[in-house]
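Me: I am new to this structure and would like a close look at a single part of it. Please start from one residue and work outwards from there.

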Amino acid sequence: MKPFILTDLDDCLFGTRRKVPEDQSEGLTLASRLIDGSPSGYFTRRQKHMLESLFELGTVIPVTARSLDAFRRVDIAWRAEAVCAHGGLVVAADGQIDRDWLAQVRAVQSASALDVTSAYALLEAEIGEAAGYRHWIVDEPIEGESPLTLYIVVKHEAREEAALAPLGRAMRAALGDGWAIHLNGNNLAIMPRWLGKRSAVRFLLDRIRTDHPHAPVIGMGDSHSDIGFLSECDYMMTPSRGQIAESIRQVELDAAA
Ligand SMILES: [Mg+2]
């Protein structure tokens with residue numbers, strides 16, 4: 001019985017040029033492109049071998065924050081379903097949006113107390129005249145339907161977590177429990193709690209475990225925002241350079257202190 005491998009993409013399977021360790025900068029291959037077609041992500045040789053090994057090991061299912069469009073700009077030949085847009089979309093192997101999951105997402109969304117547009121107004125008020133921020137609402141176009149409004153992204157020209165952290169804390173206080181604030185590098189995501197990789201993975205695993213009740217499920221992710229979906233899997237795997245790895249090392253430091 002082969003395992004299912006549910007894996008995050010960016011900083012797990014490949015990364016930007018800036019994040020390639022110096023001793024692995026030979027023999028990089030292109031992994032993803034920006035909207036204008038220019039290169040954005042690269043595999044190191046080890047990462048490429050890791051990907052090939054995962055495909056040999058079992059069924060690989062990507063679980064990514066990427067929009068469907070950005071997911072399609074990843075140069076990997078997938079053979080199974082995918083979770084995109086932080087869990088907002090499930091996509092079948094043939095690229096079609098899963099309408100069952102979409103209907104569930106729309107139902108929870110319309111039942112939520114504060115919508116993304118109202119949260120965005122609070123964010124704009126919080127930032128006020130402060131300089132250096134770029135922010136927008138992420139939505140997914142759905143053919144034949146209104147777009148799916150998902151969450152808010154904020155970046156800062158300083159390109160540092162420290163520049164975004166105070167805003168993240170202020171938004172946490174302003175929005176309360178119904179919202180999750182994820183900060184990783186120069187990326188502050190302000191997400192309604194109904195949205196997340198975890199709930200989409202639960203939906204997929206329901207199906208997988210019905211058909212293959214004894215297949216082990218391995219999850220791989222590097223960010224705190226991956227922990228929810230990793231917890232749904234039988235095993236967790238994390239790259240040793242990443243936000244989760246840092247937290248694990250902190251446990252050891254705290255124990256030794
Ligand atoms: Mg990642």
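Is tryptophan 194 buried or exposed?

Reply: The model is predicted, and what follows should be read as a description of that model. Tryptophan 194 has a relative accessible area of 17%. Buried means under 20%, so tryptophan 194 counts as buried.

Along the chain, tryptophan 194 sits in the loop that runs between strand β10 (188-192) and helix α6. Its contacts, once the neighbours within four places in sequence are set aside, are Val105, Val108, Gln109, Ser112, Thr149, Leu150 and Ser199. Several of these names lead on to other elements. Helix α3 covers residues 99-111, and Val105, Val108 and Gln109 are among the contacts of tryptophan 194. Strand β8 spans 148-156, and the contacts of tryptophan 194 also include Thr149 and Leu150. For a sense of distance, tryptophan 194 and isoleucine 248 are separated by 54 residues in sequence and by 27 Å in space, taken from C-alpha to C-alpha.

Ser199, one of the contacts of tryptophan 194, also has a part in the packing of helix α3 against helix α6. Helix α6 consists of residues 197-211, and its axis comes within 11 Å of the axis of α3, the two crossing at roughly 140 degrees. An angle over 145 would count as roughly antiparallel and one of 65 to 115 as roughly perpendicular, so α3 is oblique to α6. The crossing of these two helices is right-handed. On the α3 side the contact is made by Asp100, Trp101 and Gln104, and on the α6 side by Ser199, Ala200, Phe203 and Arg207. Sorted by class, the contact of α3 with α6 has 3 nonpolar, 2 polar and 2 charged residues.

A second helix pair can be set beside this one. Helix α4 (residues 116-127) packs with helix α5 (residues 161-175) at an angle of about 135 degrees, and their axes are 10 Å apart. That angle makes α4 oblique to α5. The crossing of α4 and α5 is right-handed. Ala119, Leu122, Leu123, Glu126 and Ile127 of α4 meet Leu167, Ala170, Met171 and Leu175 of α5. By class, this contact of α4 with α5 has 8 nonpolar residues, no polar ones and 1 charged one.

The loop before α5 holds a residue with a backbone feature to note. Arginine 159 lies in the loop between β8 and α5, and arginine 159 has a positive phi of about 55 degrees although it is not a glycine. With a relative accessible area of 55%, arginine 159 is exposed. Histidine 86 likewise has a positive phi, of about 60 degrees, without being a glycine. The loop holding histidine 86 is the one between β5 (82-84) and β6 (89-91). At 8% relative accessibility, histidine 86 counts as buried.

Last comes the metal site. The protein donors of the magnesium ion are Asp8 (OD), Asp10 (O) and Asp222 (OD), which lie 2.1 to 2.2 Å from the ion. Along the chain these donors follow the spacing D-x1-D-x211-D. Aspartate 8 counts as buried because its relative accessibility is 6%, whereas aspartate 10, at 28%, counts as partly exposed.

Technical notes:
Residues are numbered from 1 along each chain as its sequence is written. This is a predicted model: local features need pLDDT of at least 70, side-chain atom pairs count only at pLDDT 80 or more; totals for chains, interfaces and linings use all residues. Side-chain values use heavy atoms; hydrogens and water are left out. Axes are lines fitted to C-alpha atoms, for helices over the stretch in contact, and angles run from 0 to 180 degrees between N-to-C directions. Helices (H or I, at least four residues) and strands (E, at least two) are DSSP runs, numbered from the N terminus. Angles under 35 degrees count as roughly parallel, over 145 as roughly antiparallel, 65 to 115 as roughly perpendicular and the rest as oblique. A crossing is left-handed if the near helix is turned anticlockwise from the far one by less than a right angle, and right-handed if clockwise. Contact means heavy atoms within 4.5 Å. Ala, Val, Leu, Ile, Met, Phe, Trp, Tyr, Cys and Pro count as nonpolar, Asp, Glu, Lys and Arg as charged, and the others, Gly among them, as polar. Donors are N, O and S atoms within 2.8 Å of the metal (3.2 Å for Na, K and Ca); water is not among the atoms, so sites may look incomplete. Buried means under 20% relative accessible area, exposed over 50%, partly exposed in between (1.4 Å probe, protein chains only).
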